[in-house]
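Biologist: I'd like to go through this fold with you, helix by helix. Can you put it up on the screen?

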Amino acid sequence: MDATAEAGFADFVRSRWRDLVRAAIFLGASPYEAEDLAQQTLVRCYASWERVTDATNRDAYVYRMLLNQLRDARRTRWWRGRVDAEPDGRIDDASNQVVIADAVHQALAGLTKPNRDVVVLRYFVQLTEAQTAAALGISVGTVKSRMSRSLDRLADSHHLIEMSEERR
């Protein structure tokens, strides 16, 4: 990789790191696992940077890589005997943020995996319908129908309803 390509990759990493980690969290990874997944995805991006830059929709291509990383991690975890232990550390009092995050995570957990993928990519990652369809390998119409069903389900989620009632 030449210096220009490396600079382009470095800029890409700086601009996408936070969004990749956040997307992985909303796809069901723990914060620590999300950072690992984002890093592994970016390592794969670096190894195939030319294909990434040649992609018609670079963001969709990279988020597809992230989804594949997550699926690989979920598939192989059972035989690795890996225990996810959270490191000891200081806990800040951010209870309100925890309540909100917990309600969102529980509501998202009530969706099917394909529907959750669409919601996360559309609303948390803020991909367009076309980008989401490309990332998931489905049609734009399927993105729209999954999004509609998901929003109906989320609107009826008792986790979000309880949280909004407590905040009033």
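Modeller: Before we start, axes here are lines fitted to C-alpha atoms, for helices over the stretch in contact, and angles run from 0 to 180 degrees between N-to-C directions. This is a predicted model, where local features need pLDDT of at least 70 and side-chain atom pairs count only at pLDDT 80 or more, while totals for chains, interfaces and linings use all residues. Residues are numbered from 1 along each chain as its sequence is written, and side-chain values use heavy atoms, with hydrogens and water left out.

Biologist: Fine. How many helices and strands are in the protein chain?

Modeller: Helices (H or I, at least four residues) and strands (E, at least two) are DSSP runs, numbered from the N terminus. Read from the N terminus, the elements go α-α-α-α-α-α-α-α-α. The count is 9 helices and 0 strands.

Biologist: How are H1 and H2 oriented to each other, roughly parallel or roughly antiparallel?

Modeller: Their axes come within 9 Å and cross at roughly 150°, and the crossing is right-handed (the near helix is turned clockwise from the far one by less than a right angle; anticlockwise would be left-handed). Angles under 35 degrees count as roughly parallel, over 145 as roughly antiparallel, 65 to 115 as roughly perpendicular and the rest as oblique. So H1 and H2 are roughly antiparallel.

Biologist: And which residues of H2 are buried?

Modeller: H2 covers residues 31-47 and reaches 24 Å from its first C-alpha to its last, close to the 24 Å expected at 1.5 Å a residue (1.5 Å times one less than its number of residues). Buried means under 20% relative accessible area, exposed over 50%, partly exposed in between (1.4 Å probe, protein chains only). Among the H2 residues that meet H1 are Ala34, Leu37, Ala38, Leu42 and Cys45. The buried set is Glu33, Ala34, Leu37, Ala38, Thr41, Leu42 and Cys45.

Biologist: Tyr46 is in H2 too. Which residues does Tyr46 touch, leaving out those up to four places away in sequence?

Modeller: Tyr46 counts as partly exposed because its relative accessibility is 38%. Its C-alpha is 9.0 Å from that of a residue 45 positions away in sequence, Met1. With contact meaning heavy atoms within 4.5 Å, Tyr46 touches Met1, Glu6 and Phe9.

Biologist: Now the core. Which residues have the most contacts inside the largest nonpolar core?

Modeller: A nonpolar core is a set of buried Ala, Val, Leu, Ile, Met, Phe, Trp, Tyr and Cys residues joined through side-chain atoms within 4.5 Å. The largest one has 41 residues, and H1 (3-26), H2, H3 (49-54), H4 (58-80), H5 (95-109), H6, H7 (129-136) and H8 (140-155) each supply at least two of them. Beyond four places in sequence, Tyr63 touches residues including Leu20, Leu121 and Val125. The residues with the most contacts in the core are Tyr63 and Leu121.

Biologist: H1 also packs on H6. Which residues of H1 and H6 make the contact?

Modeller: The axes of H1 and H6 come within 10 Å and cross at roughly 150°, so the two helices are roughly antiparallel. The contact is made by Arg22, Ala23 and Phe26 of H1 and Arg116, Val120 and Phe124 of H6.

Biologist: Last one: is Asn115 buried or exposed?

Modeller: Asn115 lies in H6 (residues 113-124). Further than four places off in sequence, Asn115 touches Arg146, Arg149 and Ser150. Because its relative accessibility is 12%, Asn115 counts as buried.
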